[in-house]
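User: I would like a close look at one part of the structure shown below, set in the context of the whole chain.

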Amino acid sequence: MMKKYFLGLAIASVAFLSACGQKESKLATANLAETADQSKSIGTATFYGLSDGKIKMDLELKFASRADSNVAVHFHEHGDCGDMGENTHGHWNPTNENHGKWDSGAYHSGDIGNIKLDSKGEAKISITTDRWSVQDGDVKNIIGRGIIVHGGTDDYKTQPTGNSGPRVGCGVIEAVK
Ligand SMILES: [Cu+2]
Ligand SMILES: [Zn+2]
């Protein structure tokens, strides 16, 4: 009788934990638009908090005028898309590292890198990391940062930008209230 009871409890806790592992809460979003015409949407970035404390970004691009080409995406310091995206200034770099390739050696915490757009100009990527937070006062806080879409290819080497080409798209990371 007791044995059966404990076994049942153990199975129930495993089921509960694995369900919790999938739990996500929406923390922030960025609406991306063309820098040349901010009324033209080119996609969204949505940030979710995971139960292990990491943050996941789902980035969806719908950039028809850039179909069948490569774009490069970075988080930049400032959340101001004015002056063709120049007002976002340089790459956000809270860890004082060199510019580089995501998940390999040194890189800025917003060096998302090159994304291939399909024949409709669409692409979807997901990134999960512990390099981001949404906490006030935390150097890792992504709220208020700019996201820049460049119309070229990030070489992952040239400092401090990757020589990624013109700033063709931009958005600001905003907290979900
Ligand atoms: Cu950039
Ligand atoms: Zn960078």
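Does Asp83 count as buried or exposed, and how many C-beta neighbours does Asp83 have inside 10 Å? Please place the residue in its loop, and then describe the strands and loops to which that part of the chain leads.

Analyst: The model is predicted. Asp83 counts as exposed, because it has 10 C-beta neighbours inside 10 Å, and the cut-off for an exposed residue is 12 or fewer. Asp83 lies in the loop between strand E4 (70–76) and strand E5 (111–116). Its backbone deserves attention: although Asp83 is not a glycine, its phi is positive, at about 50°. Most residues other than glycine have a negative phi.

The loop between E4 and E5 also holds His89. His89 is likewise not a glycine, and it has a positive phi of about 60°. With 13 other C-beta atoms within 10 Å, His89 is partly exposed, since that class lies between the limits of 12 or fewer for exposed and 20 or more for buried.

The strand before this loop, E4, leads to another part of the chain. E4 pairs with E7 in the antiparallel sense, over five bridges. Within this pairing, Ala72 has His150 of E7 as its bridge partner. E7 also pairs with E8, again antiparallel and over five bridges; here Val149 stands opposite Gly169 in E8.

The burial of E7 can be described residue by residue. On one side are Gly146, Ile148 and His150, on the other Ile147 and Val149, and all of these are buried, so both faces of the strand are covered. In a regular strand, side chains alternate between the two faces of the sheet. Because five of the five residues of E7 are buried, the strand is largely enclosed by the rest of the structure. His150, the bridge partner of Ala72, is thus one of the buried residues of E7.

Beyond E7, the chain enters the loop between strand E7 (146–150) and strand E8 (167–172), where Pro160 is found. The peptide bond that joins Gln159 and Pro160 is cis, with omega at about 0°. Most peptide bonds are trans.

As for the wider setting, the protein chain has one helix and nine strands, and along the sequence the helix precedes the strands, in the pattern α-β-β-β-β-β-β-β-β-β. Of the 177 residues in the chain, 31% are buried. Among contacts between residues at least 6 apart in sequence, 58% join residues at least 24 apart.

Notes
Residues are numbered from 1 along each chain as its sequence is written. Chains are lettered from A and ligands numbered from 1 in the order in which they are written. This is a predicted model: local features need pLDDT of at least 70, side-chain atom pairs count only at pLDDT 80 or more; totals for chains, interfaces and linings use all residues. Helices (H or I, at least four residues) and strands (E, at least two) are DSSP runs, numbered from the N terminus. Two residues are in contact if their C-beta atoms, placed from the backbone, lie within 7 Å. Two strands pair if DSSP finds at least two bridges between them.
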